[in-house]
Structures are given as structure tokens and as C-alpha cells.
Amino acid sequence: MARTATSTPRAPLSRERVVGAALALVDRDGLEALSMRRLAAQLGVEAMSLYHHVRDKADVLDGLVGAVLDEMQLPGSGPWDDRVMGVARELRRVVRAHPNVHTLVVERAFRSPSVLAPVAVLLDALGESGLDQDQLAGAFWTLLSFVSGSLSCELADVPDGLDQLVDLPVALFDADLDAQFERGLRTVTRALTAE
């Protein structure tokens with residue numbers, strides 16, 4: 001009697017599995033490498049199979065943003081400014097863990113339901129600072145602008161030899177980015193409630 005080869009059954013396809021594979025692909029090869037065909041090949045399925053779980057590539061991109069934001073560990077109780085800084089640190093941490101998704105997070109975060117939890121924590125904390133509604137909105141966008149701008153600078157591709165083309169201090173390229181972020185974050189957070 002002929003033997004039939006047995007193999008480990010493949011995990012069923014799901015939205016979570018599709019998005020997870022897309023994130024792995026983008027982390028490894030960059031955002032420009034993501035296509036539905038390549039994603040399907042990575043999963044070992046036909047491209048048409050993906051459309052049972054995601055609408056299109058835009059849906060996959062939104063899923064990537066959600067997956068990254070879902071990695072945030074949000075602060076619980078504590079002083080309002082500690083919670084504000086905690087959200088900022090977490091946003092920076094998860095984006096730095098997936099730098100190829102940074103532009104997507106900036107452009108598409110508010111399309112994802114996953115943004116609701118960090119926004120709620122941030123607004124709740126800012127609400128305890130004594131700001132009125134108009135000031136709270138300004139503080140919210142100021143903080144997000146600081147974090148996003150910091151990440152853009154950190155993740156920028158600085159060409160070798162730039163310091164020889166332009167008269168720049170050597171320390172600019174040897175700066176402790178963690179310390180710089182913390183210094184800026186404390187300064188911005190204190191300024192949020194300044195008159």
C-alpha cells in the first residue's frame with residue numbers, strides 16, 4: 001500500500017495573519033516592496049485568496065497602522081503629565097520598532113480604530129491639566145507634532161560625508177537621540193500648560 005506524505009496543516013488565512021505577514025514583509029524589505037502578489041506568495045496562497053480577508057491594498061495599509069498602534073502599552077493612573085509623556089514614549093517606541101511604517105502612521109493613523117485608545121488616554125490626561133477645550137486641542141496637536149517630527153529626524157537617511165559638505169558640528173551626528181527626545185518631551189509637556 002502506498003504511503004501518503006503528511007504535512008503540518010497550514011494555519012487558516014485570516015485578516016490578522018494577512019496583516020501580520022504584510023508587517024513582516026514591510027519590516028524586512030520596506031514599504032515599496034509590499035504588493036498583493038508578493039504578500040500572497042509570502043503566505044503561500046493565490047493573490048485572490050487575500051480578498052476574502054482584506055478589501056484591497058489600502059485596507060492592508062490601514063491594517064499595518066492598526067497592528068503597530070496595537071503594540072502600544074498605554075499608561076494607566078498617575079499624574080497627567082506622566083501619562084502624556086507615557087503615550088508619547090510608547091508611540092515613539094512602536095514606530096521605531098517598525099520604521100518602515102512611520103509614514104503610514106503619520107498619514108493614516110486616524111483611519112484606524114486602534115488610534116482610539118491612545119487618543120482617549122492622551123485627551124483624558126490633558127483634560128486633567130486644567131486646559132480648556134481650545135487649549136486642549138492645541139496641546140494635543142503640539143504633542144503629536146513633536147513626536148512625529150522627532151521620529152522623522154531620527155529615521156531620516158543621512159548620507160555619509162554630509163558633515164564634510166556642510167559646516168555642521170560633529171555632535172549633531174553623535175547625539176544621544178533618546179536623551180534628546182526626553183529633553184524635548186519634558187520641555188514640550190511643560191509648555192502645554194504655560195500661559
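The following dialogue goes over a helix pair and a pocket in a predicted model.

Trainee: What makes helix H8 roughly antiparallel to helix H11?

Mentor: H8 (residues 133-155) and H11 (residues 177-191) pack at an angle of about 165 degrees. Angles over 145 count as roughly antiparallel, so H8 is roughly antiparallel to H11. The axes of H8 and H11 are 11 Å apart, and the crossing of the two helices is right-handed.

Trainee: How do you know which residues of H8 and H11 meet?

Mentor: Contact means heavy atoms within 4.5 Å. On the H8 side, Thr 142, Leu 143, Phe 146, Val 147, Ser 150 and Glu 154 take part. They meet Leu 177, Phe 181, Gly 184, Leu 185, Val 188 and Thr 189 in H11. By class, this contact has 7 nonpolar, 4 polar and 1 charged residues.

Trainee: Why is Gly 184 in that contact called polar?

Mentor: The classes place Gly among the polar residues, so Gly 184 is called polar.

Trainee: What makes a residue part of the lining of the largest pocket?

Mentor: A lining residue has an atom within 4 Å of a point of the pocket. The largest pocket, with a volume of about 370 Å³, is lined by 25 residues. Leu 91, Val 105, Ala 109, Phe 110 and Leu 144 lie nearest its centre.

Trainee: Which elements give two or more residues to this lining, and which gives the largest share?

Mentor: Helix H5 (80-97), helix H6 (102-108), helix H7 (116-127) and H8 each give two or more. The largest share, 8 residues, comes from H8.

Trainee: How many residues of each class are in the lining?

Mentor: The lining has 20 nonpolar, 3 polar and 2 charged residues.

Technical notes:
Residues numbered from 1 in each chain as written. Predicted model: local features only at pLDDT ≥ 70, side-chain atom pairs only at ≥ 80, totals over all residues. Heavy atoms only, no water. Axes fitted to C-alpha atoms, helices over the stretch in contact; angles between N-to-C directions. Helix = DSSP H or I, 4+ residues; strand = E, 2+ residues; numbered from the N terminus. Parallel < 35°, antiparallel > 145°, perpendicular 65-115°, else oblique. Left-handed = near helix turned anticlockwise from the far one by under 90°. 1 Å grid on protein atoms, 1.4 Å probe; cavity = no way out; pocket = protein on both sides within 12 Å on 5 of 7 lines; lining within 4 Å. Points joined across faces, edges and corners; volume = space filled by probe spheres on them.
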